[in-house]
Amino acid sequence: MKIILFIFLIMFTCSCAPKVAIHPLQHRVGQNVQYNTLAKTSVGDIIFSQYEYYSGQGASLLEGISQGAALGTVNIPPGDILFSSVIGRKEAYCTREKRYIDHLVGPYRIVCLFDETNNGRFDKLWVSPGIVPFTFSIKNPALYKKTEIVSGISSGFKYELIYQGIDKGTLRIFYREFIDNMARPAYQQDFTYTLEENEPTMITFRKTRIQVISADNNTVEYKVLSGFE
């Protein structure tokens, strides 16, 4: 009788066990400034950006987590990127790699983290090493920050032109491009243009045409006439 009751409880628990639902990626495509529209930006800010990629919500773990859980160990290093998810009805962030380590078979399951006190620290972890999932308190709540995750599944790009001010009548522009992995630039370049004295200055770069109306070491006023090739 006890065995039958135990099996019934396991089956009941399994049928009610919450599922992990990763938030879907969003298709990002567009530009930060519309063509032929007067725009203004400051030194160090983006004059023009054009992009297309897939991304989703996520979090970057600023402090590592290492502790026992069930019959294994959870080991998540600082800097790990987590996907925004839902477990049951609770917001969670789940690892992309298998961070639950079974002592016999090695890395075995993903781990999901909760910030139940909503103070910028993960204080609970969720793992499903077998049929039944478990939730544990994190011994040392780990600091994190929310971030955008760019998909590595499909190719994407982002091109940016950044205003760097003027120097002795010369307009300074910084270009950088991100391809596939948006975490760091794949290519970057500085270039300059001579400012026209009594008329707008035309910037042309990779088929992008920008008409500079006025510029100083604080701001630039301009119109984007065409975008990147």
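Leaving aside neighbours within four places in sequence, which residues is Leu-161 in contact with? The first legend answers this for the predicted model.

**Figure 1. Contacts of Leu-161 in the predicted model.** Leu-161 is in contact with Asp-45, Ile-46, Ile-47 and Phe-48. Its contacts also include Ile-173, Phe-174 and Tyr-175. Phe-191, Phe-205, Thr-208, Ile-210 and Phe-228 complete the list. Neighbours within four places in sequence are left aside here.

**Figure 2. The largest nonpolar core, of 20 residues.** Five members touch the most other members: Ile-47, Leu-161, Ile-173, Ile-210 and Tyr-222. Several strands give two or more residues to this core. They are β4 (46-61), β14 (157-167), β15 (170-179), β16 (187-194), β17, β18 and β19 (219-226). Another core lies apart from it and has 17 residues. Val-74, Ile-76, Leu-82 and Val-127 are among the residues of that other core.

**Figure 3. An open sheet of four strands.** The strand order is β3-β19-β18-β17, and the pairing is antiparallel. Which strands stand at the edges? β3 and β17 do, each with a single partner strand, so one side of each has no neighbour in the sheet. Neighbouring strands are turned against each other by 35° on average, direction ignored. Strands of a sheet pair through backbone hydrogen bonds, either parallel or antiparallel.

**Figure 4. Pairing of β19 with β18 and β3.** β18 and β19 pair in the antiparallel sense over six bridges. A hairpin of three residues joins β18 to β19. Ile-210 has Val-224 in β19 as its bridge partner. Ile-210 is also one of the core residues that touch the most other members. β3 and β19 pair over four bridges, again in the antiparallel sense. Which residue of β19 stands opposite Lys-40? That residue is Glu-221. Ser-214 also stands opposite Glu-221.

**Figure 5. Surroundings of Gln-31 in strand β2.** Gln-31 lies in β2, which covers residues 26-31. A polar atom of the Gln-31 side chain lies 2.8 Å from the backbone oxygen of Val-33. The side chain of Gln-31 also makes a polar contact with the side chain of Tyr-35, at 3.4 Å. Beyond its neighbours within four places in sequence, Gln-31 is in contact with Phe-48, Ser-49, Gln-50 and Tyr-51.

**Figure 6. Asn-36, a loop residue with positive phi.** Asn-36 is in the loop between β2 and β3 (39-42). Phi of Asn-36 is near 60°, a positive value in a residue other than glycine. Most residues other than glycine have a negative phi. Is Asn-36 buried or exposed? Asn-36 counts as exposed because its relative accessibility is 53%, and the cut-off for exposed is over 50%.

**Figure 7. Lys-207, between β17 and β18.** Lys-207 sits in the loop that runs between β17 (201-205) and β18 (208-215). Phi of Lys-207 is positive, about 70°, although Lys-207 is not a glycine. The relative accessibility of Lys-207 is 58%, so Lys-207 counts as exposed.

Technical notes:
Residues numbered from 1 in each chain as written. Predicted model: local features only at pLDDT ≥ 70, side-chain atom pairs only at ≥ 80, totals over all residues. Heavy atoms only, no water. Polar contact = N/O pair within 3.5 Å; in protein donor to acceptor, adjacent residues only side chain to side chain. Contact = heavy atoms within 4.5 Å. Buried < 20%, exposed > 50% of the residue type's maximum accessible area, 1.4 Å probe, protein only. Core = buried A, V, L, I, M, F, W, Y, C linked by side-chain atoms within 4.5 Å. Pairing = 2+ DSSP bridges. Axes fitted to C-alpha atoms, helices over the stretch in contact; angles between N-to-C directions.
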